[in-house]
Amino acid sequence: MWPRIGELRALALGTPGELRATLNTLVLAGVKTATAGRLAEYAEEGEELEHVGERLALVDDNNALAGVVEIAGVEVVRFADVPWDFARAEGEGDRSIEEWRAGHSAYWARLGTPVDDDTPIVCLRFRLVSGGEGGVASGDLGT
């Protein structure tokens, strides 16, 4: 089960350390408005898919609140079918869908969870509700 902050499920991007800090910075700057995950992770963790309108607590390495995002779209597609417009919305600087696939394939392989063309991928689109320099107001924690 994923950590919770108040009633919000946590969104812990990437792996702890430099990668998570970089991804959180991109979210808080409004550059990163999407993220991808393996569908299998949900079953492994006993979690349901996110739903449109759900708010998630963006967390840092210590599971402390860094911001709040609201889910704007959820789609499950084969790894080979992740569209370029989604990959571009991840805001990580990939210059093509091939570059995005190579980077994500290598990332999951490093974690010991390799993917192939048929691996189901959860594509989440979100918008930043609060965070960054303004901090997170307690009223933003409700769902």
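The exercises below, each with a worked solution, concern a predicted model of one protein chain.

**Exercise 1. Overall layout**

Task: State how many helices and strands the protein chain has, and give their order along the sequence.

Solution:
- Step 1. Counting the elements gives four helices and six strands.
- Step 2. Reading along the sequence, the order is β-β-α-β-α-β-β-α-α-β.

**Exercise 2. Overall dimensions**

Task: Decide whether the radius of gyration of the protein chain agrees or disagrees with that of a compact globule.

Solution:
- Step 1. The chain has 143 residues, so a compact globule would have a radius of gyration near 15 Å.
- Step 2. The protein chain has 14 Å, which agrees with the globule value.
- Step 3. For the extents along the principal axes, the C-alpha trace spans about 40 × 30 × 25 Å.

**Exercise 3. Burial, surface and charge**

Task: Describe the protein chain by its buried fraction, its contacts in sequence terms, its exposed area and its charges.

Solution:
- Step 1. Of the 143 residues, 38% count as buried.
- Step 2. Take the contacts between residues at least 6 apart in sequence; 71% of them join residues at least 24 apart.
- Step 3. The chain exposes about 7,300 Å², and carbon and sulfur atoms supply 50% of that area.
- Step 4. There are 13 positive and 25 negative charges, and the mean positions of the two sets are 2 Å apart.

**Exercise 4. Two residues of strand β3**

Task: Classify R38 and T35 as buried or exposed, and list what each one touches beyond its sequence neighbours.

Solution:
- Step 1. R38 belongs to strand β3, which covers residues 34–38; T35 is also placed in strand β3.
- Step 2. The relative accessible area of R38 is 8%; this is under 20%, so R38 is buried.
- Step 3. T35 has 12% relative accessibility and therefore counts as buried by the 20% cut-off.
- Step 4. Outside four places in sequence, R38 is in contact with E44, W108, T113, V115, P120 and I121.
- Step 5. With T113 there is a side-chain to side-chain polar contact, at 3.4 Å from R38.
- Step 6. With the same exclusion of residues up to four places away, T35 touches L11, L13, F86, E90, V122, C123, L124 and F126.

**Exercise 5. An unusual phi**

Task: Locate N63, and state what sets its phi apart.

Solution:
- Step 1. N63 sits in the loop between β4 (55–59) and β5 (65–78).
- Step 2. Most residues other than glycine have a negative phi.
- Step 3. N63 is not a glycine, yet its phi is positive, at about 60°.
- Step 4. The relative accessibility of N63 is 39%, between the cut-offs of 20% and 50%, so N63 counts as partly exposed.

**Exercise 6. Two exposed residues**

Task: For P114 and M1, give the location, the accessibility class and the contacts.

Solution:
- Step 1. P114 is in the loop between α4 (97–110) and β6 (120–131), while M1 is in the segment before β1 (4–5).
- Step 2. The relative accessible area of P114 is 61%, over the 50% cut-off, so P114 is exposed.
- Step 3. M1 is exposed because its relative accessible area, 67%, is over 50%.
- Step 4. Leaving aside neighbours within four places in sequence, P114 is in contact with W108 and A109.
- Step 5. Under that exclusion, M1 is in contact with E45 and E47.
- Step 6. P114 and R38 are 76 residues apart along the chain, and their C-alpha atoms are separated by 9.8 Å.
- Step 7. M1 and Y42 are 41 residues apart along the chain, with 8.8 Å between their C-alpha atoms.

**Exercise 7. R101 and the backbone**

Task: Find which backbone oxygens lie by polar atoms of the R101 side chain.

Solution:
- Step 1. R101 lies in helix α4.
- Step 2. Not counting residues up to four places away in sequence, R101 touches F79, A80, D81 and V82.
- Step 3. From a polar atom of the R101 side chain, the backbone oxygen of A80 lies 2.6 Å away.
- Step 4. The backbone oxygen of V82 lies 3.1 Å from a polar atom of the R101 side chain.
- Step 5. For R101 and D117, 16 residues apart along the chain, the C-alpha separation is 9.6 Å.

How values were computed: Residues numbered from 1 in each chain as written. Predicted model: local features only at pLDDT ≥ 70, side-chain atom pairs only at ≥ 80, totals over all residues. Heavy atoms only, no water. Rg over C-alpha atoms; globule rule 2.2 N^0.38 Å. Buried < 20%, exposed > 50% of the residue type's maximum accessible area, 1.4 Å probe, protein only. Contact = heavy atoms within 4.5 Å. Areas by Shrake-Rupley, 256 points an atom, 1.4 Å probe, with all protein chains shown as cover. Lys, Arg positive; Asp, Glu negative; His and termini not counted. Charge placed at Lys NZ, Arg CZ, Asp CG, Glu CD. Polar contact = N/O pair within 3.5 Å; in protein donor to acceptor, adjacent residues only side chain to side chain.
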